[in-house]
Amino acid sequence: MAKLKSLMNVFRQESIWISIISIFLGLLIGAIVMLVGGYEPVLAYQSMIEKIVGNPYDIGETIRSIMPLILTGLAVAVAFRGGMFNIGVEGQIVMGSIGALFVGYFLDLPPVLHAIVAIVVGAIFGGLWGMLVAWLKTSRGINEVVTCIMLNWSALYISHIVVRMFMMEEGTARSKLIQDSASIEIPFLIQWFDGARIHWGFIITMLLLVGYSFYMNKTKWGYELRAVGSSKHAAHYAGISVNKTIHRTFFISGMMGGLVGTFEILGVFKYLAIAPTTSGLGFDGIAVALLGMNTAIGILLAAALFGALMYGSQGMSFGADVPGEVIRMVVSIIIFFAAAPGMLRVLFQLRRSTRRKEVSARGNDSVSH
Amino acid sequence: MEMIAFLINGTFVFATALIFAALGGLITERAGVINLGLEGFMVSGAFTAGVVTYYAEQANMGGASPWIGFLAAPIFTLLFALLHAIASVRFKANQVISGIVVNMLAASSTFFFVKLLFDGAAETPLLHNVFSKASIPVLSDLPFVGVAFFSLYPVTYIAIALAIIIYFIMYRTPLGLRLRAVGEHPGSADTAGVRVNRLRFLAVLAGGMIASLGGATVTLTMNSSFTFHTISGQGFIALAAVIFGRWHPIGAFGAALFFGVAQAVKDQIQVVEAAKHIPNEIFYLLPYVLTLVVLIFTSKKSSSPAALGVPYEPGKR
Amino acid sequence: MTAQHDIVLELKGLTKRFPGIVANDSIDLQLRKGEILALLGENGAGKSTLMNMVFGLYQPDEGEIWINGQPVSMDTPSKAIELGIGMVHQHFKLVPPFTVTENIVLGMETKKGLAIDLKSSAQRIQELSDRYNLNIKPHAVVDTISVGMQQRVEIMKILYRGADILIFDEPTAVLTPQEITELLAILKGLAAEGKSIIIITHKLKEIMEIADRCTVIRRGKVIDTLEVAAASPEALAERMVGRNVSLHVDKEAAQPGERLLEVKDLHVKDSSGQNMLRGVSFDIRAGEIVGIAGVDGNGQSELIEALTGMMKIESGSIRLEGKEMANLSPRTVSELGVGHIPQDRHKHGLVLDFTVSENSVLKSYYNNPMSKLGILQESNIRKEAERFIESYDIRTPGTEVLARSLSGGNQQKIIIAREIEANPKFLIAAQPTRGLDVGAISFVHKQLIAERDAGKAVLLVSFELDEILDVADRILVIFNGQIVGETTPSATNEQKLGLMMAGKLGGESSNG
């Protein structure tokens with residue numbers, strides 16, 4: 001009963017409505033754009049949904065596309081709760097892939113151990129790349145947003161240089177493949193999903209999602225992280241080492257990013273491609289964290305939505321001849337509205353009716369802030 | 001000697017787009033609004049220039065076509081700039097997120113439009129009329145400097161002139177004083193009767209429009225068409241140039257030129273046999289690493305506008 | 001003044017609401033030409049909100065503003081300036097990297113062709129400065145000039161704009177006593193030249209010295225308007241706080257025990273490398289309250305931060321029961337038995353977005369019984385909060401509401417409960433009653449005295465001389481980073497302390 005009540009309270013919060021309305025508006029504007037462009041939006045969305053759940057393979061691939069978004073969403077959310085902005089997840093992903101690729105390609109280890117070592121090294125690579133941001137912030141006072149941008153592009157070009165120098169597959173624009181012993185595929189699930197690339201990263205991701213919520217709300221380290229995020233001065237006064245907490249926060253955040261790259265290498269592609277830009281998953285993570293309000297359950301739902309939309313967009317061009325980019329537009333519009341709630345308030349004059357309810361909800365809900 | 005002249009010439013070619021984008025970013029940031037949307041504004045400019053020039057060619061505008069495309073870029077980009085201004089200035093959204101949204105939306109919508117307009121093609125048709133290097137009579141015949149400085153694309157001269165104009169506005173006019181005040185200490189500006197948020201709004205619009213000229217420059221000088229990788233990272237290099245140049249118009253101009261050198265060297269060095277073993281990416285990497293290094297050694301006396309990234313709310317308690 | 005007054009500014013029924021409170025409730029006020037009107041009220045009474053409406057920074061929810069007999073709508077500061085109103089804010093509104101001239105002309109620049117003409121403006125500023133005795137350097141960069149000159153630049157800013165109605169928001173809060181004297185003289189001069197002045201303050205002495213009339217505001221309402229010449233400071237104080245003021249504190253004589261805290265030759269630099277403490281030495285015995293008197297900015301914050309480990313020291317020693325604790329971490333210092341009620345409860349004392357529970361364990365969350373193996377023990381934490389709420393009478397809807405939503409007094413009670421219940425040997429209380437109402441003030445004072453009587457060493461840092469004189473057993477005066485005198489409440493008074501605080505007079509001895 002109490003559970004149900006707190007669940008209902010969630011829907012009384014204004015931010016939930018902001019998220020829901022943003023999603024609705026995004027899809028609506030997407031439909032209008034298609035209509036104006038002479039396409040059939042209904043058919044397009046239909047073929048999108050078909051692509052998402054049409055057959056076991058597509059379901060599996062949809063799940064596969066959701067996983068990295070959960071991780072990047074977590075990466076951004078950890079930093080957000082610590083009062084910082086990690087737009088460097090892009091670079092941390094790349095560093096994670098480099099770490100995993102190195103271990104996967106160069107080391108000779110027995111199957112399970114090889115994968116574990118590769119995952120750990122990938123996570124640490126991402127974590128250290130993230131901690132570099134924190135270190136530059138605490139020791140040199142450089143704003144993390146600036147550092148992140150510089151490090152994103154640096155990571156990309158470093159990965160190119162590293163691949164070219166050590167692991168280039170001749171005649172292609174990618175690295176050599178990792179050894180089979182480092183693969184983290186789950187063969188029976190792959191079979192089950194008709195060849196969709198399901199891997200152990202899925203289990204780890206779900207564990208991390210639960211771990212995030214526990215760490216943040218139930219441990220003293222989470223307490224410290226939130227204290228620093230809310231007020232550095234009060235945290236310092238309370239005897240919390242602010243710099244150490246910032247370092248730790250960015251290490252955890254970077255590790256999540258590093259795992260994305262690691263799983264893509266070990267579970268999906270088996271190689272690292274020389275791409276002109278980074279994946280964009282890190283930026284999508286901002287959208288996920290924002291829409292999911294930095295809570296575990298919210299991140300899961302937001303990642304599921306975005307992951308499904310993006311994977312499903314491939315079906316649109318196939319089934320309705322609509323350029324898949326329209327879904328990227330939809331996603332951008334959703335973030336746009338979610339980031340500027342004032343706009344929706346003006347549009348819908350939500351403020352008056354929800355403000356009262358929010359106050360009443362606050363007394364019961366101890367988790368959300 | 002001749003190689004150095006070509007190198008300088010090449011530097012200007014690469015730097016022109018960066019100069020436009022950096023100046024656009026500079027105006028916005030000096031007014032106190034973070035501009036992570038430079039990449040998006042450049043994409044929008046590159047797209048508009050590619051499409052409009054193409055249709056101008058079809059309408060038999062001939063040599064005037066690239067100019068029409070060039071001027072159309074800021075007009076279309078106004079849409080994206082408005083988005084950034086409305087979200088971050090009017091509705092106090094997080095300026096970093098707002099800029100990222102501009103990037104995502106500009107990339108996705110322009111590719112969508114390209115596919116829509118050109119029957120599913122991934123790029124605009126190749127343009128026949130693009131800018132060609134203009135040799136200034138007499139001066140371009142001079143040895144060395146003729147090649148280095150006086151046979152450049154016309155837009156390069158525009159970029160240089162714009163840098164000087166913006167410097168003048170910023171430091172020699174009432175508008176500039178107000179713009180800087182709004183970015184440093186909006187509360188002071190407000191009590192002095194300056195309409196803070198209106199000025200910031202306009203600065204975001206102006207910044208976006210100027211940055212779009214950088215994108216147009218890429219399409220109309222180096223690429224001759226617009227594809228999904230016409231703009232890949234130049235907007236962020238331009239932002240690096242703003243920071244590297246310490247938020248000063250001449251500084252940003254210098255930084256853009258400096259980053260241009262790195263690109264030009266990359267092109268020139270291909271000729272040298274020994275350099276073939278150096279991965280090209282070293283030169284791509286350079287601007288970002290150098291900017292970080294500069295930040296590491298100068299951060300203690302930060303020169304970023306004091307109110308950068310902080311929305312201004314007069315009625316806040 | 002004659003019976004027939006020209007009313008230059010009139011407020012009729014001004015009301016302003018913020019979420020949760022009515023900051024101004026139907027305020028009526030009149031300002032006469034050439035007078036100095038004081039606006040008196042406690043912190044949070046609504047004075048600043050009112051003046052921000054007059055200056056167009058806030059919009060009133062109800063009511064009208066009349067200027068020279070005409071109703072006006074004051075929608076922006078520029079409108080206010082146009083109508084001849086100028087305001088000197090409590091926090092200066094100056095652009096630090098700009099020159100004095102640039103700051104003054106901002107918003108109404110003169111041009112020469114397209115370019116800005118700073119030269120002629122600088123000349124005009126020099127002339128005005130000479131005429132009103134403001135002693136301003138037009139070409140200095142604001143970053144590098146003294147606080148006093150910054151304030152005079154603010155005054156110049158509004159004179160340059162031709163203001164006839166001048167509003168000053170707590171103008172003396174950041175000034176040294178000499179600077180205050182200078183400022184008051186300038187204000188009198190301006191009124192004599194026909195300018196009409198409103199000065200917001202809660203300092204009775206200044207009102208008695210320069211104001212013609214005084215309007216008292218309490219909890220957002222006008223209580224009374226008095227002719228200052230016919231009023232006594234006591235009457236003003238009574239109107240301000242709403243009851244008979246007897247801030248006198250009942251306490252027994254102190255029974256100092258052994259030396260608990262010894263501070264020797266403490267030197268501290270701030271982040272820009274300026275010497276903020278220059279050889280501070282003193283000690284505190286068990287069972288006594290030592291008060292630090294001084295004008296804000298003379299090294300008090302640095303002293304507190306050095307004592308609590310929040311700031312590194314250059315040299316010197318801080319010993320608690322003989323144990324050296326200089327440059328230890330804040331946590332170690334706290335574990336050694338130092339409690340700290342910080343000066344700014346919003347910035348330091350509380351995490352406002354944490355619940356009452358979470359704030360109750362801000363300094364103990366990491367240890368058994370509040371956490372075990374790194375996992376927070378929620379029921380223990382909640383019990384602790386409930387205990388505090390019970391024994392310190394904290395008015396809150398529950399333990400799980402955000403600290404932000406409580407009143408200032410109740411927020412302060414959380415801090416006091418937390419710091420005292422940790423059972424420190426040495427308690428630092430910095431401005432512990434700032435912004436509190438009278439009831440809460442006496443509660444805090446009683447708690448401090450109870451701690452003293454329990455044999456603790458207490459350091460009270462306050463800018464309010466009354467508080468120091470009432471509560472402390474021994475008084476140290478800090479000036480410019482040094483202890484310039486020592487005395488006791490019975491051996492001194494406000495005037496003598498004031499002179500010492502200005503560095504003009506030594507105490508009986510320099511070390512105790």
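**Exercise 1. Identify the residue with which A:R328 forms a salt bridge, and place this pair in the contact between the two domains of chain A.**

*Solution.* In this predicted model, A:R328 forms a salt bridge (a side-chain nitrogen of Lys or Arg within 4 Å of a carboxyl oxygen of Asp or Glu) with A:D284, and the closest N and O atoms of the pair are 3.1 Å apart. The next step is to consult the division of chain A, where domain 1 covers 1-39 + 323-369 and domain 2 covers 57-321, bounds that come from an automatic or database domain assignment. Between domain 1 of chain A and domain 2 of chain A the count is one salt bridge, and the count of residue pairs in polar contact, both at pLDDT 80 or more, is two. A polar contact is a pair of N or O atoms within 3.5 Å; within protein, one must be able to donate a hydrogen and the other to accept it, and residues adjacent in sequence count only if both atoms are side-chain atoms.

The elements that give two or more residues to the side of domain 1 of chain A that touches domain 2 of chain A are α2 (14-36) and α15 (325-339) of chain A; helices are DSSP runs (H or I, at least four residues), numbered from the N terminus. On that side α15(A) gives the most, with eight residues.

Residues are numbered from 1 along each chain as its sequence is written, while chains are lettered from A and ligands numbered from 1 in the order in which they are written. Local features need pLDDT of at least 70, side-chain atom pairs count only at pLDDT 80 or more, and totals for chains, interfaces and linings use all residues, with side-chain values using heavy atoms and leaving out hydrogens and water.

**Exercise 2. Describe the area that the two domains of chain A bury between them.**

*Solution.* Domain 1 of chain A and domain 2 of chain A bury about 1500 Å² between them, 77% of it on carbon and sulfur atoms, where buried area is the accessible area (1.4 Å probe) that two parts lose on being put together, summed over both. In domain 1 of chain A, the residues that lose the most area to domain 2 of chain A are A:I327, A:R328 and A:V331, together 29% of what that side buries.

**Exercise 3. Characterise the interface of chain A with chain B.**

*Solution.* Begin with the contact (heavy atoms within 4.5 Å), in which 47 residues of chain A meet 40 residues of chain B. The area buried between chain A and chain B is about 3900 Å², and carbon and sulfur atoms give 82% of this area. For the polar part, the count between chain A and chain B is two salt bridges and five residue pairs in polar contact, both residues at pLDDT 80 or more. A:E325 forms a salt bridge with B:K115, with the closest N and O atoms 3.1 Å apart.

The elements that give two or more residues to the side of chain A that touches chain B include α6 (111-140), α7 (144-167) and α13 (281-291) of chain A, and α7(A) gives the most, with 14 residues.

**Exercise 4. Locate the salt bridge that C:E378 forms with chain A.**

*Solution.* C:E378 forms a salt bridge with A:K218, the closest N and O atoms being 2.9 Å apart. The pair crosses between chains, from helix α13 (residues 378-391) of chain C, which holds C:E378, to helix α9 (residues 201-218) of chain A, which holds A:K218. Over all chains, the structure holds 36 salt bridges.
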